[in-house]
Amino acid sequence: MIESRPSELPYIERVWRSRSYDVSRMMSVATSRWELVFWEHRGQVQAAVLGPEAKASRAPVPGDADFFGISFALGTSMPHIPVSRLVGGNAAIPDVTRRSLWLKGSAWHVPDYDNAEAFVLRMVREGIVDLDPVVPAVLDGACPDASDRTLQRRFVAATGLTQGAIRQIQRARQAAVLVQEGVPAQEVVHRLGYFDQPHLARSLRRYVGRTATQLSAPDAAEPLSLLYKT
């Protein structure tokens, strides 16, 4: 069971928490955003920065563990950990306890579901997190006075992915949500601009790891990672 909420802070896309029950593996859906994730398993607390995922993949899940995560908005990055190095990977945060962690030379209180914004604002004040406003502006349809090459460079620097890859991932995630809501495949093709149903099927397999039939099945054996409308 996953609980999540949006955030009014421009640096955060969503805050989420969950608990694993009788699950050893899950399908990790492609995502263009990086996350800061904390989890407790058998009394041990761990944390890591999870990079963007350019395609769906199966991931191990510790059983009976509690998770809490901050999904950062597109264009947000940590300059001291280039996000391009984290695509498809992660960076563990050392020396984490239930109450504190060590982050870039300072001791921090471990955040939770309700105070994630205060934690991220401190990260911003101390220069650990930065935001390139061009990235969300372009994705919202703005046309800044910059060459395509410059925009591509800024996208890769801030997100680790090209603008095209981000749009494909977002579209596939939207398609998966629509299919799960019962929207017919042909209607999904029409709404989201796929060429045809085979094009939609390839996108779902690559970025979500499921076919439309599997997504519409209520008793899918292998759970999906956090999936919400983008």
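Is Arg-122 buried, partly exposed or exposed, and what is its relative accessible area? In the predicted model, Arg-122 is partly exposed, with a relative accessible area of 23%. The side chain of this arginine takes part in a salt bridge with Glu-126, at an N to O distance of 2.8 Å. Glu-126 likewise falls in the partly exposed class, its relative accessible area being 40%. Because the class of partly exposed residues begins at 20% and ends at 50%, both Arg-122 and Glu-126 are assigned to it.

The pair formed by Arg-122 and Glu-126 belongs to a set of eight salt bridges in the structure. Another member of this set joins Asp-66 to Arg-19, with the closest N and O atoms 2.8 Å apart. This contact connects distant parts of the chain, as the two residues are separated by 47 positions. Asp-66 is located in strand E7, which covers residues 66–72, whereas Arg-19 belongs to strand E2, which covers residues 12–19. With regard to solvent accessibility, Asp-66 is partly exposed at a relative accessible area of 38%, and Arg-19 is also partly exposed, at 28%.

A further salt bridge is found between the side chains of Arg-191 and Glu-187, with an N to O distance of 3.1 Å. Both residues lie in helix H5 (residues 185–192). Because Arg-191 and Glu-187 are four residues apart in this helix, about one helical turn separates them. Arg-191 is partly exposed, with a relative accessible area of 48%; for Glu-187, the corresponding value is 31%, again partly exposed.

Backbone geometry was examined for positive phi values in residues other than glycine. Arg-42, which is not a glycine, has a positive phi of about 55 degrees. This residue is situated in the loop that runs between strand E4 (35–41) and strand E5 (44–50). Arg-42 counts as exposed because its relative accessibility is 79%, the exposed class being defined as over 50%.

A positive phi, near 55 degrees, is also found at Asp-95. The loop containing Asp-95 lies between strand E9 (90–93) and strand E10 (100–103). With a relative accessibility of 62%, Asp-95 counts as exposed. Thus Arg-42 and Asp-95 are both exposed, while the salt-bridge partners Asp-66 and Arg-19 are partly exposed.

Technical notes. Residues are numbered from 1 along each chain as its sequence is written. This is a predicted model: local features need pLDDT of at least 70, side-chain atom pairs count only at pLDDT 80 or more; totals for chains, interfaces and linings use all residues. Side-chain values use heavy atoms; hydrogens and water are left out. A salt bridge is a side-chain nitrogen of Lys or Arg within 4 Å of a carboxyl oxygen of Asp or Glu. Buried means under 20% relative accessible area, exposed over 50%, partly exposed in between (1.4 Å probe, protein chains only).
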